[in-house]
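Have your viewer ready and a selection box open. We will go from one selection to the next, with a short note on what to look for at each stop.

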Amino acid sequence: MAFLNKLGSLMRQSISQKGQVPVVSMLNSIRCMSSSKLFIGGLPWSTDDQTLRDAFSGYGEVTEARVIMDRETGRSRGFGFVSFDSTESASEAVSAMDGQELGGRNVRVTFAEERSRPPRTYNDDYQGSRGFDN
């Protein structure tokens, strides 16, 4: 129900501002709202996966909680992701946890957005054989 209310609000806002609904913007908003994966920013360096899971488990069943680590140093990068079993639980967690203190820092909680990745290419500096006869 919260999803439909948010959708209606977005449509009314878009129509009142421009007289029309920007389809791409509306579809992106729907995609984010229908997701059950959250981005958590501003995490304390000491936060681990279990601490993150525990902080959000009061809002529904957490299916995954992951703090993103730096590959080289093995330290937290200060953000992570939490996935819920339902969009309703995720929406409740965003409302309750955004701006709240966790481990001494105020965290930012938003719906995660899929980022497009550029196609992988060969390293231009690589001088080895690529299977081509020169």
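## A cluster of rings

Start by selecting F39, F79 and F81, which ring pairs link into a cluster. Keep in mind as you look that this is a predicted model. The structure holds three aromatic pairs, and two of them can be seen from here.

Take F39 and F79 to begin with: their ring centres are 5.7 Å apart, and with 35° between the planes the pair is tilted. F39 belongs to strand β1 and F79 to strand β3, so this pair ties together parts that are 40 residues apart in sequence. Now swap F39 for F81. The pair of F79 and F81 is edge-to-face, with 85° between the planes and 6.1 Å from centre to centre.

Is F39 buried, partly exposed or exposed? Its relative accessible area is 24%, so F39 counts as partly exposed.

Add K37 to the selection. Its charged end sits over the ring of F81, 4.9 Å from the ring centre.

## The sheet

Next, show the strands as a cartoon. Four of them form an open sheet, and reading across you meet β2, β3, β1 and β6 in that order, with antiparallel pairing. Which strands stand at the edges? They are β2 (62-69) and β6 (108-111); each has a single partner strand, so one side of each is left without a neighbour in the sheet. Look along the sheet and you can follow its twist, which averages 20° from one strand to the next.

Now walk through the pairings:

- Select β2 and β3: six bridges join them in the antiparallel sense. E64 has S83 as its bridge partner in β3.
- Select β1 and β3: these run antiparallel and are joined by five bridges. Here I40 is matched with G80 of β3.
- Select β1 (residues 37-41) and β6: four bridges hold this antiparallel pair. L38 has F111 as its bridge partner in β6.

Stay a moment with β3 and colour its residues by accessible area. Seven of its nine residues are buried, so β3 is largely enclosed by the rest of the structure.

## The hairpin

Move to the hairpin of β2 and β3, where six residues lie between the strands. Select G74 and check its backbone: phi is positive, near 80°. Then select R75 together with W45. The charged end of R75 sits over the W45 ring, 5.8 Å from its centre.

## Two helices on the sheet

Bring in helix α3, residues 49-56. It lies across β1, β2, β3 (76-84) and β6, and runs at about 135° to β2. Then add helix α4, residues 87-97, which packs on the sheet and touches β1, β3 and β6. The direction of α4 makes about 150° with that of β6.

## Where to be careful

For the last stop, colour the model by pLDDT. The protein averages 79, and 62% of the residues score at least 70. Select residues 1-5: pLDDT stays under 50 there, and the model has three contacts for this stretch beyond four places in sequence. Select residues 24-33 as well, where pLDDT also stays under 50. For residues 24-33 the model has 17 contacts beyond four places in sequence.

Terms used
Residues are numbered from 1 along each chain as its sequence is written. This is a predicted model: local features need pLDDT of at least 70, side-chain atom pairs count only at pLDDT 80 or more; totals for chains, interfaces and linings use all residues. Side-chain values use heavy atoms; hydrogens and water are left out. pLDDT is the predictor's confidence in each residue, from 0 to 100. Contact means heavy atoms within 4.5 Å. Two strands pair if DSSP finds at least two bridges between them. Axes are lines fitted to C-alpha atoms, for helices over the stretch in contact, and angles run from 0 to 180 degrees between N-to-C directions. Rings of Phe, Tyr and Trp (its six-membered ring) pair if their centres lie within 6.5 Å; planes under 30 degrees apart count as stacked, over 60 as edge-to-face and the rest as tilted. Buried means under 20% relative accessible area, exposed over 50%, partly exposed in between (1.4 Å probe, protein chains only). A charge sits over a ring if NZ of Lys or CZ of Arg is within 6 Å of the ring centre and within 35 degrees of the ring normal.
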